Amino acid sequence: MTDRRTQLAENLAQVEERIASACASAGREREDVTLIVVTKTYPASDVRILYELGVRQVAENRDQDAAPKAAACADLSLTWHFVGQLQTNKVRSVAGYAGVVQSVDRVKLVTALSAAAVRGGRELGCLIQVALDAESGERGDRGGVAPDAIEELAASVEEAEGLRLDGLMTVAPLAGPYAGRQRAAFDRLVEFSSRLRGNHPAANMVSAGMSADLEDAIAAGATHVRVGTAVLGVRPRLG
Ligand SMILES: *Cc1c(COP(=O)(O)O)cnc(C)c1O
């Protein structure tokens, strides 16, 4: 009796328990942390089951896969988060279904997102992706800006028509001083978030933590965790 629905329901319950217990350990309210399920490489039928199980926030990292999936699920009231490195030639498509773009990491992308949002008559939430291991003036291997560029980028989002500055996102670095130190990495992101909120009080989202390290992210103060594998299973290929 392990059909897909049963399997997803069990996985979701386990992840929910992990989040609840991490919140309890950190002295935080459960409702202060939002689960975003990363559905990349999995079919629209899984998204539909997740919706039936109560999931309302989903994330994808490749427009080629996400666009048809979002179209197939257009009847569901889901918020789609885009979490992958984003080329400007994909921006128009992404702006058609995404509610939040979590991987904003350069001014050129801000300009393109703003134009697409205005053209589509939509407001797009934006998170600045921070590469904790990037040096000043550089971007990370997995996207993201160096920490000293956060404010400039935040200001450009704030000024851009059609965009809303929601906060910060990071992926725990695989290299550099934070490699293998997820808790320290997420603590650092939360420091940058406090600083950002000094100038932009509404930009209070902190998106950090995945299947392997969501407890560290919640302990550090993340408001959103992005969980794929622990809900959907190990992906057939890297995605
Ligand atoms: C794939 C992905 C996740 C989810 O990772 P899991 O380890 O499967 O939970 C989270 N964030 C980003 C940016 C991703 O690309």
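In the predicted model, Lys 40 is located in the loop that connects strand S1 (34-38) to helix H2 (44-52). The relative accessibility of Lys 40 is 14%, below the 20% limit, and the residue is therefore classed as buried. An unreviewed UniProt entry assigns the feature "modified residue: N6-(pyridoxal phosphate)lysine" to Lys 40.

Lys 40 is also among the residues that surround the ligand. The other members of this set are Val 38, Val 83, Met 169, Val 171, Met 210, Ser 211, Arg 226, Val 227, Gly 228, Thr 229 and Arg 235. In the side chain of Lys 40, an N or O atom lies 2.7 Å from an oxygen atom of the ligand. For Thr 229, a polar side-chain atom is found 2.5 Å from a ligand oxygen atom. With Gly 228 the contact involves the backbone, a polar atom of which is 2.8 Å from an oxygen atom of the ligand. The ligand taken alone exposes 390 Å², of which 88% is buried by the protein.

The unreviewed UniProt entry lists residues 12-236 under "domain: Alanine racemase N-terminal". Over this range the chain is 42% helix and 19% strand, and the C-alpha atoms at its two ends are separated by 19 Å.

Aromatic rings were examined separately. No aromatic pairs were found in a search of the whole structure. The ring of Tyr 51 does, however, have the charged end of Arg 56 over it, at 3.7 Å from the ring centre.

Technical notes. Residues numbered from 1 in each chain as written. Predicted model: local features only at pLDDT ≥ 70, side-chain atom pairs only at ≥ 80, totals over all residues. Heavy atoms only, no water. Phe/Tyr/Trp six-rings, centres within 6.5 Å; stacked < 30°, edge-to-face > 60°. Lys NZ or Arg CZ within 6 Å of the ring centre and 35° of its normal. UniProt positions renumbered as here; feature names shortened; annotations may be inferred. Helix = DSSP H or I, 4+ residues; strand = E, 2+ residues; numbered from the N terminus. Buried < 20%, exposed > 50% of the residue type's maximum accessible area, 1.4 Å probe, protein only. Near = heavy atom within 4 Å. Polar contact = N/O pair within 3.5 Å; in protein donor to acceptor, adjacent residues only side chain to side chain. Areas by Shrake-Rupley, 256 points an atom, 1.4 Å probe, with all protein chains shown as cover.
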